Structures are given as C-alpha cells and as structure tokens.
Amino acid sequence: MMANTPIYLDNQATTPLAPEVFDVMVPWLRDNFGNPHSSHILGRKAAAIVDLARDQVAGLLPKDGTVLFTGTATEALNTGFGAVHAAKAKGRNKIIILESEHAAVRDTAMSYAKRGFMVERHAVGPDGIVSLEQLRASIDDKTALVAAMLVNNEIGVIQPVEEIAELAHQNGALMLCDVVQGYGRIAIPGNIDIAAISAHKIYGPKGIGALWVRGGIDLPPLIYGGGQEEGIRSGTLSPALCAGFGQAAALCKKRWDSDAAHIAALADKARSCFADWTVNGSIAHRYPGNLNIRRDGLDVARLMSDVRNVAFSAGSACASGSGSPSHVLAALGLEPARIKASIRLGFGRYNSLKDIEIAAKYINEAVEVQLA
Ligand code: PLP
C-alpha cells in the first residue's frame, strides 16, 4: 500500500484491479485500437479478444445461456427486467422481489409499477433470509418474474436462490438473480433464468458488466443502435474492458480455493477482533467476506470521521451517499438507532491478516472513546 492509503475494507463497494488484469488490458488501450465490430484484420483481432473474454466470463455461469456485455450490472438488471413484457402478453403482470434487493433491482422493479405491473416487495426475516413458505404463498400463475439476489451487498447473507427459482418455475414464472456479489466467489445456482454481474466487484475494471440470459428468453433491447450484442445492447464494445473482465473471471476460477481459504481466514480473524459487536443478518448463511456489525449507542458518522485510515462503509456504499438509512437493515427489523450504529467491513483477496488487526485496533479504540 502507498503511504497515506487507508486500509481498504470496502470490497463490496468495489475491488482493486488485479495486477494480472491491468497487464492484459494495457495492449488493448495502447496498441490495439481496432473496433471489434469491423471486419478487417484489426477488427477481427479485437473481436477475438472479446470472444475469449465472453467465454472466460461464461466459465463461472450456468452452461445453457448467453453472456451479453453491458456497461454495468445496473444496466444488465434493467435490461433483464425487460423479460416481463413477453410474460405480460400472456396475462402475467406480477413481479416479486425481495425487500432487501439492491436499488438496481428495487428501483427497476418499482418502475414497472407505473407500467401496469403489480410489484410485491417480499419481506425477509430478522436474519435477512426469505421464508420459502411465505414466498410459496405469494408466487402464483399471474407472476411474470421473481427477483432474488444471491449474496446481499450490505449484509452478505445468501438467499436460497435455487429453491426460489424452483418455486418460480413451478408457477411458470422467470427467475432473475442479481449475482453481483456472489459471482467469482460462490457457485451460481444452475436453474436461474437471468443474471447480472459486474467486473469491478471481482478485481476487474469499472465500466463493464454483463447480462447472462438462458436460451429462449425473449428480451427487448434497452439501448437501440448498431445491433451489437445480439441486438439487445447496441454500442461499440471496449476490447480493453472486455479483456480485463475476462481475465478477472479467469483468475477467480483459477484462484477459487485459495481465495476462499484466504477470505475464510480473514473472516475468522475479524470475528475475533470484533467479538464485542453484534452481527447483522444470518451467521450461518453468509458470504464470509462481508461483516456487517453494530455496537449499540454508536454514531457511525462520527466513527467514520474519527477513523480516516480505514476505508469501510456505513451501510451500503450505494445508499450511504443518499443520507437515508439502509433499507436492508430496516428490512431486518432494526430500529433507526441500531441502523446508525452499524458498519460494513468487506474483506478481499489483497487484504492481509495484519490489515484486519490494525483496522480493528483503530476502529475499536475510537469506539471505546465514543462510548466512554
Ligand atoms: N447489485 C449489487 C448486489 C451490487 O452490490 C451492485 C453494486 O454495488 C450492483 C448491483 C450494481 O453494480 P454496478 O456498479 O456494476 O452497476
């Protein structure tokens, strides 16, 4: 780490670029400027790296679908929701999402409430996990789409996505899954229909995401133009971003076991360093690289200004700029004072055990001063 760079414990907001990813991207920024959609030699060279990247990204997703590159996961989710139009033509006008979804799903779903759809935001339990029994009662033959995320970005809990997809399919509905925080880290359930991912969450570059869609699903374009990405997402692709995304995915695959063991060791260390804190969300069903914890009476805004040499988050990075309390922590039934007393620590590949120890020392010391 450079001098004055804080210890980075915000790996759910974004991840540092892997050095191997940077190396793969450079020639596509500096030397190979061809448009991957041109038919001459420079274009074909660029198209070949895009094809390789698509295969590398697909390598961590179910087999029977297509990867379409987008600018972000948010764009991929917005595009994926378009599947509801074909369902509506068959009399299905209900969309079910979980209350704890990321804004990219939640706000997209809510936009359909203004377009003739009934949108149900299904509750999660105090542990952040949906009850399959309650969900079964909600999904019916009017349901077009069920959306449930794999790993929650704020609290790290893992939803029973495979079982939710089964319930959706039993009723003829589609299953959309925001796998942004799970992709490259845990297995993606094989029975989902639509998924969205983002390169910058897996040590890849910002500015590229992907939509994965199972064969046979009818999706209208969100962006019209030159007909790239099977006509669903027009616009010239960036070979550098695609190459970086592909390499990041390939690295996750190659380092699957070692990354998982490293994150588990960091999580163990963190749980012991923050033993006086209460964990928000399920302990049994969570991705260990996310620790969302609280101390009663704490003012996290003050804590963050006191502890400048650790980069961590108060609630979700996406929501924290808005000043509004986290809707995910509220969905667990936490009262506002407890929401304001919660922090999110996110560990990644490039953190060391020492990072956790030092960060915990800074944070715990500031907390003791504040609560004294
Ligand atoms: N979904 C989840 C769970 C996320 O954590 C994020 C990013 O914070 C997104 C969607 C949006 O991803 P992107 O930044 O690529 O639009």
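The exchange below is about a predicted model and its ligand site, core and one helix residue.

Me: Why is T108 called buried?
Reply: Buried means under 20% relative accessible area. T108 has 5% relative accessibility, so T108 counts as buried. T108 sits in helix 5 (residues 103-113).

Me: What makes the pair of T108 and N78 side chains a polar contact?
Reply: The cut-off is 3.5 Å between N or O atoms, one able to donate a hydrogen and the other to accept it. The T108 and N78 side chains make such a contact at 3.3 Å.

Me: What makes the D178 approach to the ligand a polar contact?
Reply: A polar side-chain atom of D178 lies 2.6 Å from a nitrogen atom of the ligand. The limit is 3.5 Å, so the pair qualifies. Q181 also brings a polar side-chain atom, 2.7 Å from a ligand oxygen. A73 uses a polar backbone atom instead, 2.9 Å from an oxygen of the ligand.

Me: How much of the ligand's accessible area does the protein cover?
Reply: On its own, the ligand has 390 Å² of accessible area, and the protein covers 91% of that. The shell holds 4 nonpolar, 7 polar and 2 charged residues. Of the 13 residues around the ligand, T74, D178, Q181, S198 and K201 come nearest.

Me: How do you know that the largest nonpolar core lies between domain 1 and domain 2?
Reply: Domain 1 (7-17 + 255-371) and domain 2 (19-253) both give residues to this core, so it lies between them. The core has 82 residues, and F69, Y183, L303, L345 and I363 touch the most other members. Helix 8 (residues 239-254) supplies the largest share, 8 residues.

Definitions and conventions:
Residues numbered from 1 in each chain as written. Predicted model: local features only at pLDDT ≥ 70, side-chain atom pairs only at ≥ 80, totals over all residues. Heavy atoms only, no water. Near = heavy atom within 4 Å. Areas by Shrake-Rupley, 256 points an atom, 1.4 Å probe, with all protein chains shown as cover. Nonpolar A, V, L, I, M, F, W, Y, C, P; charged D, E, K, R; others polar. Core = buried A, V, L, I, M, F, W, Y, C linked by side-chain atoms within 4.5 Å. Buried < 20%, exposed > 50% of the residue type's maximum accessible area, 1.4 Å probe, protein only. Helix = DSSP H or I, 4+ residues; strand = E, 2+ residues; numbered from the N terminus. Domains from an automatic or database assignment.
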